[in-house]
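Visitor: I'd like a close look at a single part of this model. Pick one spot, stay with it for a while, and then show me what the rest of the chain is doing.

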Amino acid sequence: MRCPKCGSGETRVVDSRDATNAVRRRRLCENCGNRFTTYERVEVLGPLVVKRDSTREAWNRTKLAEGVRIACTKRPISSVRIEALVDGVEAQFIGSGRQEIPTSEIGTAVMRRLRELDEVAYIRFASVYLRFRDVNGFLEEVERVRRPARPSEDQLAMEL
Ligand SMILES: [Zn+2]
C-alpha cells in the first residue's frame with residue numbers, strides 16, 4: 001500500500017478492525033510518518049449452504065460459531081478452542097473448493113469435532129441438531145432463544 005502523501009511503498013498496518021462489509025486499517029508511512037486509513041472490502045468467500053428445503057444461503061461463520069458457543073455454555077471450554085473448532089469446520093469445507101455444502105454435512109462435521117472436545121456440548125448440539133435435522137433450523141432456534149424479553153446473566157456474559 002503506497003502512502004498517499006509521499007508515494008513511498010514502505011507503509012505498515014498499525015491497527016485493523018472490522019467495519020460494515022469492510023476491514024478498516026490504520027496505516028503508517030515509515031518514510032514520512034503520515035498516517036492514513038484504508039477500507040478493504042470483505043469478499044464473501046466460501047461455499048453456499050444448501051438447506052433441507054433446497055434453498056441456499058451464504059456461508060456464515062458467525063452463525064456457525066454461535067451454534068457451537070450455545071452448545072458449550074457453562075462448559076469448561078475456552079473461546080479459543082471454540083474458534084479453533086469453527087476454524088477446522090471452515091477449513092474442511094471452504095478449503096474443499098466445493099460450491100455447495102448441504103447443512104447435514106456441516107452439522108455432522110461440527111458434531112464430530114464437538115465429541116472430541118466435550119461430551120456434554122456434543123450431546124447438546126446433537127440433540128438439538130438431530131431434532132431439527134437441519135443445522136439452519138437449529139441456528140434459527142438459537143437466534144430465537146437469544147432474543148428473550150430480558151437477557152439472562154449468562155447471555156450477557158456471552159456478549160463479552
Ligand atoms: Zn509517506
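Guide: Quick definition before we zoom in: helices (H or I, at least four residues) and strands (E, at least two) are DSSP runs, numbered from the N terminus. Also keep in mind that what you're looking at is a predicted model. With that in hand, let's go to asparagine 34, which sits in the loop between E2 and E3.

Is asparagine 34 buried or exposed? Its relative accessibility is 15%, and it counts as buried because the cut-off for that label is under 20%. Leaving aside residues up to four places away in sequence, asparagine 34 touches Cys3, Pro4, Lys5, Arg27, Leu28 and Cys29. Take one of those partners, cysteine 3: it is 31 residues from asparagine 34 along the chain, yet their C-alpha atoms are separated by 7.4 Å.

Two of the names in that contact list, Cys3 and Cys29, bring us to the metal. Which residues coordinate the zinc ion? The SG atoms of Cys3, Cys6, Cys29 and Cys32 do, at 2.3 to 2.4 Å. Along the chain, these donors are spaced as C-x2-C-x22-C-x2-C. Two of them, cysteine 6 and cysteine 32, link distant parts of the chain: cysteine 6 belongs to the segment before strand E1 (11-19), cysteine 32 belongs to the loop between strand E2 (22-29) and strand E3 (35-41), and the two are 26 residues apart.

As for geometry, the site of the zinc ion is tetrahedral, with angles of 105 to 115° among its 4 donor atoms. For reference, the ideal angle at a metal with four tetrahedral donors is 109.5 degrees. If you're wondering about cover, cysteine 6 is partly exposed at a relative accessible area of 36%, and cysteine 32 is partly exposed too, at 35%. Put that beside asparagine 34, which counts as buried, and you have the picture around this loop.

Now let's zoom out. The protein has 6 helices and 6 strands, and read along the sequence they follow the pattern β-β-β-β-β-α-α-β-α-α-α-α. Of its 160 residues, 33% count as buried. Among contacts with a separation of 6 or more, 44% are between residues 24 or more positions apart. About 10200 Å² of the protein is exposed, and carbon and sulfur atoms supply 47% of that.

On to the loops and strands past the zinc site. Serine 54 lies in the loop between strand E4 (48-50) and strand E5 (56-58), and its phi is near 70°, a positive value in a residue other than glycine. Serine 54 counts as partly exposed, at 46% relative accessibility. Over in strand E5 there's alanine 58, partly exposed with a relative accessible area of 42%. Its C-alpha atom and that of glutamate 100 are separated by 9.6 Å, with their positions 42 residues apart along the chain.

Then comes helix H1 (residues 61-71). At its start, a side-chain oxygen of asparagine 60 reaches to within 3.0 Å of the backbone nitrogen of threonine 62. The buried residues in H1 are Lys63, Leu64, Ala65, Glu66, Gly67, Val68 and Ala71. The loop between H1 and H2 holds lysine 74, which has a positive phi of about 60° although it is not a glycine. Lysine 74 counts as exposed, with 67% relative accessibility.

Last stop, the nonpolar core. In soluble globular proteins, nonpolar side chains tend to be buried together. Here the largest nonpolar core has 23 residues, and Val68, Val89, Ile106, Val110 and Leu114 touch the most other members. H1, helix H2 (79-94), helix H3 (103-117) and helix H4 (119-132) each supply at least two residues of this core. Valine 68 makes a handy anchor for viewing it: not counting residues up to four places away in sequence, valine 68 touches Ile82, Leu85, Val86, Val110 and Leu114.

Technical notes:
Residues are numbered from 1 along each chain as its sequence is written. This is a predicted model: local features need pLDDT of at least 70, side-chain atom pairs count only at pLDDT 80 or more; totals for chains, interfaces and linings use all residues. Side-chain values use heavy atoms; hydrogens and water are left out. Donors are N, O and S atoms within 2.8 Å of the metal (3.2 Å for Na, K and Ca); water is not among the atoms, so sites may look incomplete. Four donors count as tetrahedral if all angles lie between 85 and 135 degrees; four count as square planar and six as octahedral if opposite donors are over 155 degrees apart and all others between 65 and 115; anything else is irregular. Buried means under 20% relative accessible area, exposed over 50%, partly exposed in between (1.4 Å probe, protein chains only). Contact means heavy atoms within 4.5 Å. A polar contact is a pair of N or O atoms within 3.5 Å; within protein, one must be able to donate a hydrogen and the other to accept it, and residues adjacent in sequence count only if both atoms are side-chain atoms. A nonpolar core is a set of buried Ala, Val, Leu, Ile, Met, Phe, Trp, Tyr and Cys residues joined through side-chain atoms within 4.5 Å. Accessible areas come from the Shrake-Rupley method with a 1.4 Å probe; for residues, only the protein chains shown count as cover.
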